[in-house]
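Okay, thanks for making time, everyone. Let me put the structure up and then talk you through a few spots I picked out.

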Amino acid sequence: MVHQLQVSVVTPVYNGEKYLGPCIESALAQTHTNLEFIILDNASTDDTNVIAAAYARKGPRIRLHRNDQTLPVIQNWNRALELISPEGKYVRILHADDLMYPTCLEKCVAVAQRH
């Protein structure tokens, strides 16, 4: 098997309980499997953190962080990006209400490697 470069998938989220589960499932279903999935909960008041924590307990690829208080949007995004591990070669922002096709990261990495 060819070594896959690590991709950091980052989801800064606030009150995203309605969509977060399918979002996480789409990240975990990637054919490019060398990934970390960072979720930064911006002190949500709904069940966002409960949902994210349940997934984070299932395996080490998901890293959940939670702000003590709600940050302004840009500060929250910057904080989320600061959580990326140094081993990550590429970053993919994934909004909590978005999904990725299973081959998304594989195709993105292939394009990046060619160019």
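So, disulfides: how many does this predicted model have? The count comes to zero. Take Cys104, which is in no disulfide. Its nearest cysteine sulfur belongs to Cys108, and that sulfur is 4.2 Å away. A disulfide needs the two sulfurs within 2.5 Å, so a pair at 4.2 Å doesn't make the cut. Flip it around and you get the matching picture: Cys108 is in no disulfide either, with the sulfur of Cys104 as the nearest cysteine sulfur, 4.2 Å off.

Are those two cysteines buried or exposed? Cys104 has 17% relative accessibility, so it counts as buried. Cys108 comes in at 43%, so that one counts as partly exposed.

Staying in that part of the chain, Thr103 sits in the loop between strand E4, residues 90-93, and helix H4. Thr103 is partly exposed because its relative accessibility is 28%. In space, Thr103 pairs up with a residue from far back in the sequence: its C-alpha is 8.6 Å from that of Ala29, and the two are 74 residues apart along the chain.

On the other side of H4, which covers 104-114, we have His115, in the segment after the helix. His115 has a relative accessible area of 76%, so it's exposed. Measuring from C-alpha to C-alpha in the model, His115 and Tyr90 are 13 Å apart, with their positions 25 residues apart in sequence.

Okay, strands next. E2, residues 35-41, and E3, residues 62-66, run parallel, and five bridges join them. If you want one to click on, the bridge partner of Ile38 in E3 is Arg63. And how does the chain get from E2 to E3? It goes through helix H2, residues 48-56, and this β-α-β crossover is right-handed.

Now a couple of backbone oddities for those of you who like Ramachandran plots. Which residues other than glycine have a positive phi? Asn15 is one of them, with phi of about 50 degrees. Asn15 is in the loop between E1 and helix H1, which spans 17-28, and at 31% relative accessibility it counts as partly exposed. Ala43 is another one, with phi near 55 degrees. Ala43 is in the loop between E2 and H2, and since its relative accessibility is 10%, it counts as buried.

Last topic, the pocket, which I guess the docking people have been waiting for. The largest pocket has a volume of about 170 Å³. Its lining includes Pro12, Val13, Tyr14, Gly16 and Tyr19, and also Asn42. From further along the list you get Val73, Asn76 and Trp77, and then His95, Ala96 and Asp97.

Which elements supply at least two lining residues each? Those are strand E1, 7-13, and helix H3, 73-82. H3 gives the largest share, three residues. As for chemistry, the lining divides into seven nonpolar residues, four polar and one charged.

That's my tour, so let's go back to the picture and take questions.

Technical notes:
Residues numbered from 1 in each chain as written. Predicted model: local features only at pLDDT ≥ 70, side-chain atom pairs only at ≥ 80, totals over all residues. Heavy atoms only, no water. Pairing = 2+ DSSP bridges. Helix = DSSP H or I, 4+ residues; strand = E, 2+ residues; numbered from the N terminus. Right-handed = clockwise from strand over helix to strand, strands pointing away. Buried < 20%, exposed > 50% of the residue type's maximum accessible area, 1.4 Å probe, protein only. 1 Å grid on protein atoms, 1.4 Å probe; cavity = no way out; pocket = protein on both sides within 12 Å on 5 of 7 lines; lining within 4 Å. Points joined across faces, edges and corners; volume = space filled by probe spheres on them. Nonpolar A, V, L, I, M, F, W, Y, C, P; charged D, E, K, R; others polar.
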